[in-house]
Amino acid sequence: METVVSVKNVSMKFNLMEEKVDTFKEYIVKLLKGKLLFNEFVALNDVSFDIEKGDIIGIVGFNGAGKSTMLKILAGVLEPSCGSVTVKGTIAPLIEVGAGFDPELTARENIFLNGAILGHSRQFLQEHFEEIIDFAELHKFVNVPVKNFSSGMYARLGFAIATVVDADILIVDEVLSVGDYRFQEKCEKRIRDMINKGTTIIIVSHDIGMIERLCNKVLWLDCGVKKDFGETQKICDEYKNCQ
């Protein structure tokens, strides 16, 4: 099988400020005087794995394990501190509910804004506009500013935009957990349709049942370290026994 994602010795480190700085002026003064103190936080530490074309990968781990950081690196939102990530094909990232939305703009306007961020042309979005609204079930709210939307409405709109095109790789981070069960079932069906078309899918979720239903492989992260990677049921059973 063709390898479409290759993660080699990836680490991600953040500098966390030790002390509270109340104003921007105070921050600049301390920065110039070299008095800002930082703690290094390692979100990911020497993680390696490969994903083959058509794989459905679940990423599991407790809060703070580095799951979302890994997805942001795969999506190109973050650049790792060291190591390399090679991705072959187009990516449709759905990493945070409402990411790329302007709360002051309407659903209609945000479809074109968010779609452009994902690389879709205006003509493409116009041709698929009704399909997006139909899936999101937002016909009555198409001209309403999204700042008035619930988290579930945000999720429906974001998912509809991200999955309207047949991308080579779909990245989904916990967004399905904010909708009601009908929306979750609808999203699962669309994901299955994408699976049948050969799309490679990477999912982060605390819903182990969903991971077991959809995924053929699982990456288990623990405090930024790869604890295991391989066959779904084996790793999910081990993960559930640790909770």
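# Close-up views of the predicted model

**View 1. Helices H5 and H7 are oblique to each other, because their crossing angle of roughly 135° belongs to none of the parallel, antiparallel or perpendicular ranges.** In this predicted model, the axes of helix H5 (residues 129–136) and helix H7 (residues 181–196) come within 11 Å. On the H5 side the contact is made by Glu131, Asp134 and Phe135, while H7 contributes Phe183, Lys186, Cys187 and Arg190. Sorted by class, the residues that bring H5 and H7 into contact comprise three nonpolar and four charged residues, with no polar residue among them.

**View 2. The buried residues of helix H5 lie on the same side of the helix.** These residues are Phe129, Ile132, Ile133, Phe135 and Ala136, and they cover an arc of only 165° around the axis, which puts them on the same side of H5. The elements that cover the buried residues of H5 include H3, H4, H6 and H7. Phe135 thus appears twice in these legends, as a buried residue of H5 and as one of the residues through which H5 touches H7. Just beyond the end of H5, Glu137 adopts a positive phi of about 55°.

**View 3. Val142 is a buried residue of the loop that follows H5.** The loop in question runs between H5 and helix H6 (151–162), and Val142 counts as buried because its relative accessibility is 11%, below the 20% limit. When residues up to four places away in sequence are set aside, Val142 touches Thr106, Ala107, Arg108, Phe129 and Ile133. Two of these partners, Phe129 and Ile133, are themselves buried residues of H5. Arg108 is 34 residues away from Val142 along the chain, yet their C-alpha atoms are separated by 5.4 Å.

**View 4. Asn110 of helix H3 is buried and makes a side-chain contact with a backbone oxygen.** Asn110 is found in helix H3, and its relative accessible area is 0%, so it falls in the buried class. The side chain of Asn110 reaches the backbone oxygen of Leu105 at 3.1 Å. Apart from residues up to four places away in sequence, Asn110 touches Gly100, Phe101, Asp102, Leu105, Gly115, Val146 and Ile161.

**View 5. His120 is buried in the loop between helices H3 and H4.** This loop joins helix H3 (107–117) to helix H4 (122–127), and the relative accessible area of His120 is 13%, which places it under the 20% limit for a buried residue. Leaving aside neighbours within four places in sequence, His120 is in contact with Gly115, Leu125, Ile161, Val164 and Val165. Gly115 and Ile161 are also listed among the residues that Asn110 touches, so that this view can be read together with the preceding one.

**View 6. The buried residues of helix H9 line one face of the helix.** In H9 (residues 232–242) the buried residues are Thr232, Ile235, Cys236 and Tyr239. Seen down the axis of H9, they fall within an arc of 100°, and so they line one face of the helix. Against these residues pack strand S3 (56–60), helix H8 (208–214), strand S8 (217–222) and strand S9 (225–231). At the N-terminal end, H9 is capped by Glu231, of which a side-chain oxygen lies 3.0 Å from the backbone nitrogen of Gln233.

**View 7. Asp46 and Cys223 are residues other than glycine that take a positive phi.** Asp46 lies in strand S2 (residues 38–52), and its phi is near 55°. With a relative accessible area of 45%, Asp46 is classed as partly exposed. Cys223 lies in the loop between S8 and S9, where its phi is likewise near 55°. Cys223 counts as exposed because its relative accessibility of 61% is over the limit of 50%.

**View 8. The chain as a whole gives the setting for the close-up views, with nine helices and nine strands.** Of the 243 residues in the chain, 44% are buried. Among contacts between residues at least 6 apart in sequence, 70% join residues at least 24 apart. The pair Val142 and Arg108, which are 34 residues apart along the chain and in contact with each other, gives one example of a contact between residues separated in sequence.

How values were computed
Residues numbered from 1 in each chain as written. Predicted model: local features only at pLDDT ≥ 70, side-chain atom pairs only at ≥ 80, totals over all residues. Heavy atoms only, no water. Axes fitted to C-alpha atoms, helices over the stretch in contact; angles between N-to-C directions. Helix = DSSP H or I, 4+ residues; strand = E, 2+ residues; numbered from the N terminus. Parallel < 35°, antiparallel > 145°, perpendicular 65-115°, else oblique. Contact = heavy atoms within 4.5 Å. Nonpolar A, V, L, I, M, F, W, Y, C, P; charged D, E, K, R; others polar. Buried < 20%, exposed > 50% of the residue type's maximum accessible area, 1.4 Å probe, protein only. Arc of directions from axis to C-beta. Polar contact = N/O pair within 3.5 Å; in protein donor to acceptor, adjacent residues only side chain to side chain.
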